[in-house]
Amino acid sequence: MRGGGASGLRRRVLPGFGLSLGLTLAWLSTIVLIPLLALVLRPLELGPAGIWASLAEPRVWAALRLSFLAALAAAALNLPIGLLAAWVLVRYRFPGRRLLDGMVDLPFALPTAVAGLALTALYAPNGWLGAPLAALGVKVAYTPLGVMLAMAFVGLPFVVRTVEPVLRDLPREAEEAAATLGAGRGQTFRRVILPALAPALLAGFTMAAARAIGEYGSVIFIAGNMPMVSEIAPLLIVVRLEQFDYAGAAAVGLAMLFLSFLLLLVLNLASRFWRPA
Amino acid sequence: MSVEILGLSRRFGEAQALRDVSLSIAARAFVALLGPSGSGKTTLLRILAGLDFADSGTVRIEGRDMAEVPARERGIGFVFQNYALFRHMTVFENVAFGLRVRPRRARPPEAEIGRRVRRLLEMVQIPELERRYPDQISGGQRQRVALARALAIEPPLLLLDEPFGALDAEVRKGLRRWLRELHAQLGITIVFVTHDQDEAMELADKVAVMQAGEVSQFDPPDVLLERPANAFVAGFLGHAARLPARFQGGTLRFEDPGLGTLPGAALAVAPRREGAALAFVRPHEWEVRCAGEGPGEGPGEGGRNAVIRASRPAGGRRHLEVDLAGLTIEIEVEGGAGYEPGRPCVIRPRTARAYS
Amino acid sequence: MRRPGGEPRVEVAAEAPWVRRLAILLAVLVLGLLLLLPLLAVATEALRRGWTPVVAAITDPDALAAIRLTLLIAAISVPVNTLGGLAAAWCIAKFDFPGRALLLALIELPFSVSPVISGLVWVLLFGAQGWLGPWLQERDIQIVFALPGLVLATIFVTFPFVARTLVPLMQEQGRSAEEAAATLGASGWQTFRRVTLPDIRWALLSGVLLCNARAMGEFGAVSVVSGHIRGETNTMPLHIEILYNEYQFVGAFAVAGLLALLALVTLAAKALLERSGDLARLRRPPA
């Protein structure tokens, strides 16, 4: 029913509104809201000074910095790869296209522990890719580079799947018009296609980054987890929990949430700036 | 089944969809709700069906207050604008739905359901489609399925929301005729919403003209055209030139001096008050006299105040576009040749409907 | 509705053939390297010494216990989230009420929370030093480091899947079919079962499959609440980690292969559903 305000509680034609909303709210509160409330309230036991002290350790800073910087780098790496994949999948027909299309979702479906294990095996100094890279002097496994690589793996489908529908709906007439106006293919891509895809790229970047920041399973195997070097923030939470430092663990969790929120806010503002309408 | 609507109002946020609407629809009537988009006609129809609820006012059907009766208990047939067919059901199952969902006691046996569905499909002239799915048939056929589905519950009152809106002109015409016959044959009350005045005039025996949430006039088509209740109806129905005028001493004086005056007795509708008025003149209500030879009687009198801009034949008559000091007026005249473009003429209305 | 076949289009605005070929080659290469190679690595590592150790690793009592526990957790969490997702989709898609957008955003919240945090919140509530910890200990109720905690963490992580698949589809379908059913005299339950459900069944199945894949594969959240008790609170992903840390690589990769297989089956089923079912309609422009 349309109309809010005073008439918001008026009768409804279709049945089951009260039941379904009640179920939803009960489900949402018990599973998500109350537990997250615990996360927000728990660090308060420490008091502001206590929270600060708990977070001000260099090890915490290093972990948070690694999680966020690696996530941003991974999302940035995903932009060209994701755009290429989306472009090829939408615009071209070739044998094996459907297989490629299905493969893109693999990181969504593959359990993170499996991905972590597999990436480690590949990029370890004796792995298929690790060995040749080591010969070139590039060390991937057990370094921040490995962390970023694992994050790129889990984030890639977000970019592809947000760009794909926009690219599919892009009117070909615009490109044809550009061609009739004398634009070369490269110019058309830069001036007509890319600007139209920019909001979707940014959205995909945001989602990939958000996912990567919190990623745990695929990262910890390849990271090596050296404090101050390749230890990610979620692992620090686990470490603190193992030391029964609940409030400290919650403080790190809260800091992660807060920083993620800040990042999302900035990226959303950026997307609004991009599309003033 | 008679329908009594009293003081119905409905507001959606800031927008007043219905404003104190009252209508009395007789049993077995065929009524059109006609108006521009946003005039509230669909809202009114949905309230009748129990798919929406008024903020105030009452609906009585066959004398019974409908306020507490939910849609599923009203037994009113409703045909949706986009048909709202169940996509995953065959045509047969769509039509049978209303019978199958009845409580066990009232549910007809399977053989009876089959008989009734086939009879309905026969009636809407698509018996061969019963095994098809909605996305395998044409728009006109879907319309018929939607009708058959609504009729399956044998509703004494059938409501249709823009029933022919999505169909092309040819199909529309056929379906209109067929719906009129259906009405005569079934003897039920039908109320339908449309924004197409030809459709309303052709089908309905009474038309409610709606504007901005209010019913401007509720009358048979002849009366609507002959004696529009207000300036909106006069301008909305049929073609008419809109001319500023003054009503004084029982005489209508057009602001444009060349058009002269009309005595009160010549007016189809006279203004209620003296003073400024708006006059409507239909294309066939003009007198045209042109200079030189040809139709009309010799040279025009009273000045050359108009020029023919365009002229085309229209079934034994002639349709003119006449420029009157910058105002384009559509005129229909008897006879054929002699009204070539560029010719100066004198025009004056024979009658008018004027509103203060 | 048959849409007229697209006119053959002369590709005025297209890349040169060599650009095309290069782009396809590059995409296949990069995606293959990044996505497919890891999968091959799992298979190779697992089969390094033939099938015998693989079978042994999977039929090991601890592994079997992990498989059983994983199945049990999924069997509890997936139905709960299916029911909740259906209820949420019904009220969000079929009714207007203030706060609808907020509700949808809250439902999607678990997607943007780190899995570790998804486990942490339950420890904060029910752990030994959690809010309810002492109260539970007095009554000898174990939630964290036991099945209830594992289930709760899994439900949290897989919470949005079903609702998120259904809401856009049901919003696109609108309400008129349900309204039509109401005018024809159908009750609420009849409307849901005969009109709504058949129209969303493939999407629902797809959402359930994804939910299930994640429920069985979840690592971070269950890792925090598990306590890693072998044969008792170890799920398959956790079992992989233990084996790996104990340098039993073949065993770790064997169990990982099993989970990878589950992922591949899920993906194949999802692709199949999207091509044939109601989700295909959502992807196609409405005729």
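Select chain C to begin, and of its 287 residues you will find that 55% count as buried; keep in mind throughout that the model is predicted.

With chain C still selected, switch to a cartoon view, where the secondary structure comes to 14 helices and 0 strands, so that following the chain from its start you pass one α element after another, in the pattern α-α-α-α-α-α-α-α-α-α-α-α-α-α. Orient the C-alpha atoms of chain C along the principal axes, and they fill a box of roughly 60 × 60 × 30 Å. If you then display contacts in chain C between residues at least 6 apart in sequence, 73% of these join residues at least 24 apart.

Next, turn on the surface of chain C, whose accessible area comes to about 12600 Å², with 66% of that belonging to carbon and sulfur atoms. Colouring the charged side chains of chain C brings up 23 positive and 20 negative ones, and the centres of these two sets lie 9 Å apart.

Now move to chain A, where 55% of the 277 residues count as buried. In cartoon view, chain A shows 13 helices and 0 strands, and its C-alpha trace spans about 70 × 65 × 35 Å along the principal axes. Of the contacts in chain A between residues at least 6 apart in sequence, 73% join residues at least 24 apart.

Finally, give chain A a surface as well: about 11900 Å² is exposed, and carbon and sulfur atoms supply 70% of it. Among the side chains of chain A, 22 are positive and 13 are negative, and the centres of the two sets lie 8 Å apart.

Terms used
Residues are numbered from 1 along each chain as its sequence is written. Chains are lettered from A and ligands numbered from 1 in the order in which they are written. This is a predicted model: local features need pLDDT of at least 70, side-chain atom pairs count only at pLDDT 80 or more; totals for chains, interfaces and linings use all residues. Side-chain values use heavy atoms; hydrogens and water are left out. Helices (H or I, at least four residues) and strands (E, at least two) are DSSP runs, numbered from the N terminus. Buried means under 20% relative accessible area, exposed over 50%, partly exposed in between (1.4 Å probe, protein chains only). Contact means heavy atoms within 4.5 Å. Accessible areas come from the Shrake-Rupley method with a 1.4 Å probe; for residues, only the protein chains shown count as cover. Lys and Arg count as positive and Asp and Glu as negative; His and the chain ends are not counted. The place of a charge is taken as NZ of Lys, CZ of Arg, CG of Asp or CD of Glu.
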